[in-house]
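Biologist: I'd like a close look at one part of this model, with enough of the whole around it to make sense of the details. Could you walk me through it?

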Amino acid sequence: MSAHIPEGEVHPPKSHPPEERAEAWSSAAEAYDDFAEGATRHFAEDAVRLVRLRPGSRVLDVAAGTGVFTFAAARRGAEVLATDFSAGMIEAIGRKCAAQGLTTVKTAVMDGQALTVEDASFDVAASLFGLMFFPEHDRGLRELLRVLKPGGQAVVTTWAPPSRGEMFRLIGSAVMKALPNLPPPSKPPHWAALGDADDLRRRLLSVGFARAHVVSVTHVWTFESPEWLEQRLSSMSPASAGLFEAMNAAQRETFRRALIDDLRERQGEGPFAVTNEGLIAVGTKSSGT
Ligand SMILES: C[S@@+](CC[C@H](N)C(=O)[O-])C[C@H]1O[C@@H](n2cnc3c(N)ncnc32)[C@H](O)[C@@H]1O
């Protein structure tokens, strides 16, 4: 069966990691939305408060996913263009806009490393937990800078390094029980290159932002049960789906039990929660004066 490839959706060769594949994110869109509503939404609410965003501001959301930043900005009265290279994600945003009767949000399938929008056309350009997956981080940052009006602001969020993330530790320990012979990763994931606050600030300045600052924020992600979390994990991102595909049925069961037992041992009958640490970087374009 030949898949319909929507205009703008990016299909790199199969050799690319799953996080760089639009169709892998499209398959994850439904489960990802549950994660985003509980986890990344809190960072989006911080991000809209950290930039100069007013009613009528023109806002670009790059790698928008299911739209946490898009909707946070729209609630503040902004006119938003939500973009993502995954058609599945963009369709999810479209459905939410239709359900809410929202007319201030437009959507487009677009690669964040080659935005098909004009120079200097937005007051705010954002990429929350999205640009971190681009093969070339600086290319994504330069695109945000390019599309900003003079004095406009970009906001970018990433996760802190995996060693500081409770969720990564929880998953890592369950993986070690399921796959005890798996060698430890030889290098940190590509996205972790943006996980240091000082480096991230320097990176924004080096691509041409006139000013930049980075804040570290920790939020609690609450969920209804360990079983709920385990079910979502198998499909909520290309990386977690890949992990499940690499396990046979017995290994999956060991993983499942380890994750559930770990959470129940710590949190009994709940409420269940893990903390997520993220970095929020704000870059300001020169006003040209
Ligand atoms: C972890 S999700 C983040 C979504 C949303 N911004 C949020 O904070 O919940 C990563 C998103 O980046 C998108 N993405 C990854 N690489 C991309 C690229 N090169 N261009 C555009 N979108 C991309 C994926 O399709 C996915 O929707």
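Biologist: To start, what percentage of the 289 residues of the chain count as buried? Then please zoom in on the helices that are mostly covered, and on whatever goes with them.

Modeller: Sure, and keep in mind that this is a predicted model. Of the 289 residues in the chain, 52% count as buried. The fold is built from ten helices and seven strands. The C-alpha trace spans about 60 × 45 × 35 Å along its principal axes. A compact globule with 289 residues would have a radius of gyration near 19 Å, and the chain, at 19 Å, agrees with that. If you take the contacts between residues at least 6 apart in sequence, 75% of them join residues at least 24 apart. On the outside, the accessible surface comes to about 13600 Å², and carbon and sulfur atoms account for 53% of it. As for charge, there are 31 positive and 36 negative ones, and their mean positions are 5 Å apart.

Now for the close look, starting with helix α3, residues 68-75. Seven of its eight residues are buried, so the helix is largely enclosed by the rest of the structure. The buried ones are Val68, Phe69, Thr70, Phe71, Ala72, Ala73 and Ala74. After α3 comes Gly77, which has a positive phi, near 95°.

Two residues from other parts of the chain help to place this stretch. One is Lys96, in helix α4 (residues 87-100). You may want to check the lysine by eye: its relative accessible area is 18%, and because the cut-off for buried is under 20%, Lys96 counts as buried. Leaving aside neighbours within four places in sequence, Lys96 is in contact with Phe71, which we just met in α3, and also with Asp33, Glu37 and Thr66. The other is Arg54, in the loop between α2 (40-49) and β1 (58-61). Arg54 is exposed, at 51% relative accessible area. Its C-alpha atom is separated by 8.9 Å from that of Ala73, though the two residues are 19 apart along the chain. Not counting residues up to four places away in sequence, Arg54 touches Arg76, Gly77 and Ala78. So the glycine with the positive phi turns up again here, as one of the residues that Arg54 touches.

The other covered helix to look at is α8, residues 226-233, where six of the eight residues are buried. Those are Pro226, Trp228, Leu229, Glu230, Arg232 and Leu233, with a glutamate and an arginine in the list. The cover over these buried residues includes the helices α1 (22-38), α6 (166-178), α9 (238-245) and α10, along with the strands β6 (211-223) and β7.

Let's follow β7 a little further. In the loop that runs between α10 (249-267) and β7 you'll find Pro271, and the peptide bond from Gly270 to Pro271 is cis, with omega near 0°. Strand β7 itself covers residues 272-284, with Thr284 in it. Thr284 counts as buried, at 7% relative accessibility. Its side chain makes a polar contact with the side chain of Gln153, at 3.2 Å. Once residues up to four places away in sequence are set aside, Thr284 touches Arg52, Gly151, Gly152, Gln153, Phe209, Ala210 and Arg211.

While we're on backbone geometry, a bit of background: most residues other than glycine have a negative phi, and most peptide bonds are trans. Against that, two more residues deserve a glance. Ala120 has a positive phi, near 50°, and sits in the loop between β3 (105-109) and β4 (122-128). Phe129 also has a positive phi, near 50°, and its place is the loop between β4 and α5 (137-147). Their surroundings can be set side by side: Ala120 is partly exposed, at 37% relative accessibility, whereas Phe129 is buried, at 7%.

Conventions. Residues are numbered from 1 along each chain as its sequence is written. This is a predicted model: local features need pLDDT of at least 70, side-chain atom pairs count only at pLDDT 80 or more; totals for chains, interfaces and linings use all residues. Side-chain values use heavy atoms; hydrogens and water are left out. Helices (H or I, at least four residues) and strands (E, at least two) are DSSP runs, numbered from the N terminus. The radius of gyration is taken over C-alpha atoms; the globule rule is 2.2 Å times the number of residues to the power 0.38. Buried means under 20% relative accessible area, exposed over 50%, partly exposed in between (1.4 Å probe, protein chains only). Contact means heavy atoms within 4.5 Å. Accessible areas come from the Shrake-Rupley method with a 1.4 Å probe; for residues, only the protein chains shown count as cover. Lys and Arg count as positive and Asp and Glu as negative; His and the chain ends are not counted. The place of a charge is taken as NZ of Lys, CZ of Arg, CG of Asp or CD of Glu. A polar contact is a pair of N or O atoms within 3.5 Å; within protein, one must be able to donate a hydrogen and the other to accept it, and residues adjacent in sequence count only if both atoms are side-chain atoms.
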